[in-house]
Amino acid sequence: MKRSASLPQEIIVEILLKLPVITLVRCTCICKSWYLLIKNTTFISTHLNQSLSSTKNSLFLLRSFHNQEEHLSLHFDNEEFTDYMNLEKPPKLKQYFEIIGSCNGLICFAEYLTSPRNIFTLWNPCIRKTLTLPKPNVTFKTHGCYQAFVGFGHDLNTDDYKVLRIAAFIENDQSAVEVYSLLSGSWKCTTLVLKYEILDSFSKAFVNGVFHFIASPKNAEDKMLVLGFDTDNEIFRDDFLPERFDEEIRSVMVYKKSTIGVFTINSNYVCHLWLMKEYGELGSWTKMLNVETQEGFIPRALKFRKSGEFLLSFSEGEIVLYDLENQQNKNLGIHKKLDDCVFIHPYVESLMLLDKAHH
């Protein structure tokens with residue numbers, strides 16, 4: 001009796017790596033060896049890196065409200081923002097949770113019903129898996145009243161996913177800074193003196209292991225700056241902008257996963273887009289765009305596309321695409337789809353959390 005021919009293991013891996021996430025999840029049911037292979041951390045990481053390097057089928061995650069109902073959806077990153085998939089939140093995330101960030105297929109939610117913001121859940125909608133994080137150490141009972149600022153991102157230096165929680169105490173200048181590491185599965189807490197007031201908890205950027213917020217010094221509230229918390233060295237940094245930078249910062253964003261950009265407005269009501277072309281080099285800040293306000297309406301910075309093009313929303317809800325390299329812009333003709341959008345973020349389908357147990 002002839003034995004059936006079988007493919008070498010490396011060929012099987014190469015074939016599986018080319019399959020989409022949904023198909024791979026189904027493949028885990030075919031046999032035990034495939035189940036173990038696809039759930040392997042190395043396979044998950046390799047598949048993600050291939051997806052990130054591909055220029056095909058880039059996606060955007062949109063969170064919007066219509067008739068007071070929340071809608072989550074994925075759209076192709078093309079000129080029409082073509083519909084790709086509607087997302088149905090897990091039952092435990094139906095109410096009282098807001099998105100604080102999205103990265104590599106994971107969406108991070110924080111409970112907002114109470115101000116402590118101490119319940120966090122990671123969700124991968126493509127594999128329908130959630131992970132509820134252990135509760136942080138700082139609570140109202142242990143430390144008194146505070147205001148919480150949170151963030152989520154992927155640290156390329158350590159290949160780790162991190163959740164940041166800054167508890168700014170009401171009664172003094174100290175803050176408890178807690179960082180959750182997905183690799184360690186635990187929170188690390190540091191108490192620091194916070195000499196700044198974070199002005200916009202919704203506009204933040206995580207790059208090179210640093211969370212960036214818009215803030216102002218407590219002793220000079222008319223000055224705005226980019227405040228960073230370095231998760232590796234556990235320190236606050238305020239050295240991201242030149243000393244004499246005097247424009248109002250409307251948004252801080254990640255640019256091409258390696259540096260940051262800020263969208264600003266000056267005293268003449270002209271908006272600018274600035275890029276720090278070399279991260280950490282103050283002399284590399286470059287003005288890339290000038291935008292006039294329209295009848296007093298300040299354009300809203302949305303996001304950078306994967307290609308580096310910049311998206312702005314104007315008064316009537318129209319979305320304009322700016323090609324920064326060629327200094328060209330194009331009205332995408334989109335008015336309704338992003339009009340009520342309160343969150344927009346680049347998205348990639350991945351197997352992240354497939355190797356984690358449900359919590």
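Visitor: Leaving aside its neighbours within four places in sequence, which residues is Met-276 in contact with?

Guide: In this predicted model, Met-276 is in contact with Phe-240, Thr-259, Ile-260, Glu-281, Leu-282, Ser-284 and Trp-285; a contact here requires heavy atoms within 4.5 Å. Met-276 itself is found in strand E18.

Visitor: Why is Met-276 called buried?

Guide: The relative accessibility of Met-276 is 0%, and buried means under 20%, so Met-276 counts as buried.

Visitor: How far is Met-276 from Lys-141 in space, and how far along the chain?

Guide: The C-alpha atoms of Met-276 and Lys-141 are separated by 42 Å, and the two residues are 135 apart along the chain.

Visitor: What makes Val-138 count as buried or exposed, given that Val-138 lies in a loop?

Guide: Val-138 lies in the loop between strand E7 (129-132) and helix H5 (140-143), and its relative accessibility is 0%; because buried means under 20%, Val-138 counts as buried. Beyond its neighbours within four places in sequence, Val-138 is in contact with His-143, Tyr-146, Arg-165, Ala-167, Phe-169, Ala-176, Glu-178 and Cys-189. The C-alpha atoms of Val-138 and Glu-243, which are 105 residues apart along the chain, are separated by 34 Å.

Visitor: Why is Tyr-269 called exposed, and why is Lys-256 called partly exposed?

Guide: Tyr-269 has a relative accessible area of 54%, and exposed means over 50%, so Tyr-269 is exposed. Lys-256 stands at 42%, and partly exposed covers values between 20% and 50%, so Lys-256 counts as partly exposed.

Visitor: Where do Lys-256 and Tyr-269 lie, and what is notable about phi in each?

Guide: Lys-256 lies in the loop between strand E16 (248-255) and strand E17 (259-265), and its phi is near 50°, a positive value in a residue other than glycine. Tyr-269 is found in the loop between E17 and strand E18 (270-276), with phi near 60°, which is likewise a positive value in a residue other than glycine.

Visitor: How many aromatic pairs does a search of the whole structure find, and what makes the pair of Phe-152 and Tyr-161 stacked?

Guide: The search finds 14 aromatic pairs. For Phe-152 and Tyr-161 the angle between the planes is 20° and the rings are 6.5 Å apart, centre to centre; planes under 30 degrees apart count as stacked, so this pair is stacked. Phe-152 is buried, with a relative accessible area of 8%, and Tyr-161 counts as buried at 5%. Elsewhere, Tyr-255, Phe-263, Phe-304 and Phe-310 form one aromatic cluster.

Visitor: How do you know that the radius of gyration of the protein agrees with that of a compact globule?

Guide: With 359 residues, a compact globule would have a radius of gyration near 21 Å, and the protein has 22 Å, which agrees. The C-alpha trace spans about 85 × 55 × 45 Å along its principal axes, and the secondary structure comes to 5 helices and 24 strands. Of the 359 residues, 51% count as buried, and among contacts between residues at least 6 apart in sequence, 47% join residues at least 24 apart.

Visitor: What supplies the exposed area of the protein, and how many side chains are positive and how many negative?

Guide: The protein exposes about 18700 Å², of which carbon and sulfur atoms supply 49%. There are 38 positive and 43 negative side chains, and the centres of the two sets lie 10 Å apart.

Terms used. Residues numbered from 1 in each chain as written. Predicted model: local features only at pLDDT ≥ 70, side-chain atom pairs only at ≥ 80, totals over all residues. Heavy atoms only, no water. Helix = DSSP H or I, 4+ residues; strand = E, 2+ residues; numbered from the N terminus. Rg over C-alpha atoms; globule rule 2.2 N^0.38 Å. Buried < 20%, exposed > 50% of the residue type's maximum accessible area, 1.4 Å probe, protein only. Areas by Shrake-Rupley, 256 points an atom, 1.4 Å probe, with all protein chains shown as cover. Lys, Arg positive; Asp, Glu negative; His and termini not counted. Charge placed at Lys NZ, Arg CZ, Asp CG, Glu CD. Phe/Tyr/Trp six-rings, centres within 6.5 Å; stacked < 30°, edge-to-face > 60°.
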